[in-house]
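Visitor: Could you show me around this one? I'd like to start with how its helices pack.

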Amino acid sequence: MSQRQYSFHRPASAPGGPPRLAYVSQAQYSREWNSSLHTHGCAELFFITGGHGRFRTREEEFPVAIHDAVIVNANVPHTEASRLDSPLEYAVLGVEGLETMAGAEGYALLHLHTGWEELMGCLHLMLQEAEAALPGYERVCQSLLEVVLVRLNRQRDAALSGESPDARSSRECGLVRRYIDNHFKENLNLDQLARLAHLNKFYLAHAFRREFGVSPINYLVSRRIEESRFLLRETDHTLSLIAQILGFSSLSYFSQCFRRVEGVSPMEYRRRHRRTLQK
């Protein structure tokens with residue numbers, strides 16, 4: 001692994017105090033990468049800046065790529081593995097006194113299609129300041145961390161720094177929603193989600209709709225459509241490939257779902273967006 005890391009020699013955060021930056025690092029896959037589970041004494045914020053790979057905890061494993069961020073609580077076992085044909089690159093912030101309350105698993109996965117460039121600007125400046133180590137650089141980096149945390153807290157399911165979960169009756173639904181957010185590209189159905197939450201599938205469907213205003217399967221479809229909009233705008237992938245990537249059973253089903261949500265076909269959406277870009 002090619003890595004550069006800069007540590008900040010500051011007092012540990014007092015209980016209840018603001019989160020403090022412990023280190024910032026940048027890493028790129030190399031052949032000697034050791035993908036074994038490990039833990040840290042502080043939370044880590046991973047920002048995937050290039051390539052493709054998989055992120056693994058003791059309980060789960062899921063794909064990650066550029067525009068993804070993973071927040072891992074202190075002392076939660078985790079590791080990263082890169083694809084050989086698309087080397088993984090990421091920046092990491094080690095933060096004391098920070099916790100994601102997104103779930104009992106101790107981590108949260110965020111897909112950051114908006115605000116990504118601004119976050120990257122903060123990280124690049126943080127690395128630049130840490131490398132130069134000019135007077136006041138620690139204060140600059142701490143201030144940049146606060147900006148990063150505020151922007152992340154605007155994202156769905158980030159739930160940083162002491163935001164507690166809802167009442168017990170909604171926690172199972174929150175678990176299912178987070179699972180869908182992390183695995184929406186896979187082949188999921190209501191029976192699988194009910195087993196995950198240890199609930200009767202009819203009860204889950206009712207409780208999920210009461211909690212979030214939509215059924216679990218319609219939420220799954222909406223997450224896939226949300227991702228498909230990005231792929232239609234930013235890539236030249238064929239519609240068939242996009243449908244396959246996002247776990248739709250067929251191109252026709254993808255087109256049907258897209259039209260129902262967006263009011264236009266996927267191809268028309270792509271044409272309109274590209275005409276807008278060219279104006």
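Guide: Sure, starting with a crossing: α1 passes α2 in a left-handed way, where left-handed means the near helix is turned anticlockwise from the far one by less than a right angle. Helices here are DSSP runs of H or I with at least four residues, and strands are E runs of at least two, both numbered from the N terminus. This is a predicted model, where local features need pLDDT of at least 70, side-chain atom pairs count only at pLDDT 80 or more, and totals for chains, interfaces and linings use all residues. Residues are numbered from 1 along each chain as its sequence is written, and side-chain values use heavy atoms, leaving out hydrogens and water.

Visitor: Is V147 in helix α2 buried, partly exposed or exposed?

Guide: V147 sits in α2, which covers residues 137–153. Buried means under 20% relative accessible area and exposed over 50%, with partly exposed in between (1.4 Å probe, protein chains only). V147 has 37% relative accessibility, so the word for it is partly exposed.

Visitor: How far apart are the C-alpha atoms of V147 and C122?

Guide: Along the chain, V147 and C122 are 25 residues apart. In space, their C-alpha atoms are separated by 7.9 Å.

Visitor: Which residue in β9 stands opposite A69?

Guide: Strand β6 (residues 68–72) pairs with β9 in the antiparallel sense over 5 bridges; pairing takes at least two DSSP bridges between the strands. 5 of the 5 residues of β9 (residues 107–111) are buried, so the strand is largely enclosed by the rest of the structure. A69 stands opposite L110.
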